Amino acid sequence: MSEEMTKVGIVSCSGEAIPEGTISRLATRRVLELLRPDKTVTICLPLFLAGNEGERNFAKTHPTITVDGCPKQCARWGTEQNSGPVSGAVVISEILGTATSGCRRSLRNAAQPDKEAVWAVAEQIAAEVDRILAETLPAAVKESKDGAECACSAPVPGGTVTIKGSNVTIPGLQLIFQQCFERAIPADYSRSAELLETVKIYHRILPEEEGEYRSALVKAYREFCCERQENK
């Protein structure tokens, strides 16, 4: 099986009438850019429904997940009508329930509830990607690459920390920091274990190196947070 076959397509809701539509698109971006960048591609729902052969053929030959804002599941319905059954379906209203009552339809003036909702849904989508790949791909193909890439094979912006006197580049570090910042994770040691575990998903850290990495990451994250606060 080729590397291209390891990709899972994600079809996101395009509705804008309710907050769940915006959440679905932002959560999909989180998965594509940060959580599972080397395992996913996006399928444009408007192009798909308009009859774009490339979008439809991908959904026919690759595992596909739909992300819908409401129980109508327009993305799933459209995908299955034109390309066959999907491998997974995520419905925002089922995941979040009434938690979206404090969310906004627009990205403007996004508050903490919006950010928490996006993160929760992104993690659910990522879990679906892992489940599908575990069920459909041999172990040799499922092995992750050394460096994170986005679905179009362009490198994800990394960040550098100093470990044992040497500069070490960690793929996606700025995006990881941004997610932590949006989740209001403090730039100190109180939740540094959470920061370390997140980085370990994308960058190999040996057990004996964890202490030094933890210190370096807290320092770099603190600088990141200071820059964000100054730019507000």
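This tour moves through the structure in a series of selections, from the whole chain to single residues.

**The whole chain**

Begin with everything displayed, and bear in mind that the model is predicted. The chain has 232 residues, of which 45% are buried. Its secondary structure consists of 10 helices and six strands. The accessible surface amounts to about 11,900 Å², and carbon and sulfur atoms contribute 50% of that area. Among contacts with a separation of 6 or more, 65% join residues 24 or more positions apart.

**The sheet**

Next, select strands S1, S2, S3 and S4. In what order do the strands of this open sheet lie? The order is S2-S1-S3-S4, and the pairing is parallel. The edges are formed by S2 (40–43) and S4 (88–91), each of which pairs on one side only. On average, neighbouring strands of the sheet are turned by 25 degrees against each other, direction ignored.

Restrict the view to S1 (residues 8–12) and S2, which pair in the parallel sense over four bridges. Gly-9 may be highlighted here; its bridge partner in S2 is Val-41.

**Helices against the sheet**

Add helix H1, residues 19–35, to the selection. H1 lies across S1, S2 and strand S3 (64–68), and it runs at about 160 degrees to S1. Then add helix H6, residues 112–136, which also packs on the sheet. Which strands does H6 touch? H6 touches S1, S2, S3 and S4, and its direction makes about 170 degrees with that of S4.

**Thr-66 in strand S3**

Now select Thr-66, a residue of strand S3. Is Thr-66 buried or exposed? Its relative accessibility is 0%, so Thr-66 counts as buried. To see its surroundings, display the residues that Thr-66 touches, leaving aside those up to four places away in sequence: Val-11, Ala-75, Arg-76, Thr-79, Val-86, Gly-88, Ala-89 and Val-90.

**The two sides of helix H3**

Select helix H3, residues 53–61, and colour its buried residues, Glu-55, Phe-58 and Ala-59. Looking down the axis of H3, one finds these buried residues within an arc of 95 degrees, and they therefore line one face of the helix. Turn the view to the face directed away from the buried side: the exposed residues Glu-53 and Lys-60 are carried there.

**The aromatic cluster**

The last stop concerns the aromatic rings. How many aromatic pairs does the structure hold? There are three. For Phe-177 and Tyr-221, the ring centres are 5.3 Å apart and the planes stand at 40 degrees, so this pair is tilted. Phe-177 belongs to helix H8 (residues 173–182) and Tyr-221 to helix H10 (residues 210–230), so the pair ties together parts that are 44 residues apart in sequence. Both Phe-177 and Tyr-221 are buried.

Continue with Phe-181 and Phe-224, whose pairing is edge-to-face, with 6.3 Å from centre to centre and 75 degrees between the planes. Because Phe-181 lies in helix H8 and Phe-224 in helix H10, this pair ties together parts that are 43 residues apart in sequence. Phe-181 and Phe-224 are both buried.

Finally, select Phe-177, Phe-181, Tyr-221 and Phe-224 together: they form one aromatic cluster.

Terms used: Residues are numbered from 1 along each chain as its sequence is written. This is a predicted model: local features need pLDDT of at least 70, side-chain atom pairs count only at pLDDT 80 or more; totals for chains, interfaces and linings use all residues. Side-chain values use heavy atoms; hydrogens and water are left out. Buried means under 20% relative accessible area, exposed over 50%, partly exposed in between (1.4 Å probe, protein chains only). The arc is that of the directions from the helix axis to the C-beta atoms. Rings of Phe, Tyr and Trp (its six-membered ring) pair if their centres lie within 6.5 Å; planes under 30 degrees apart count as stacked, over 60 as edge-to-face and the rest as tilted. Contact means heavy atoms within 4.5 Å. Accessible areas come from the Shrake-Rupley method with a 1.4 Å probe; for residues, only the protein chains shown count as cover. Two strands pair if DSSP finds at least two bridges between them. Axes are lines fitted to C-alpha atoms, for helices over the stretch in contact, and angles run from 0 to 180 degrees between N-to-C directions.
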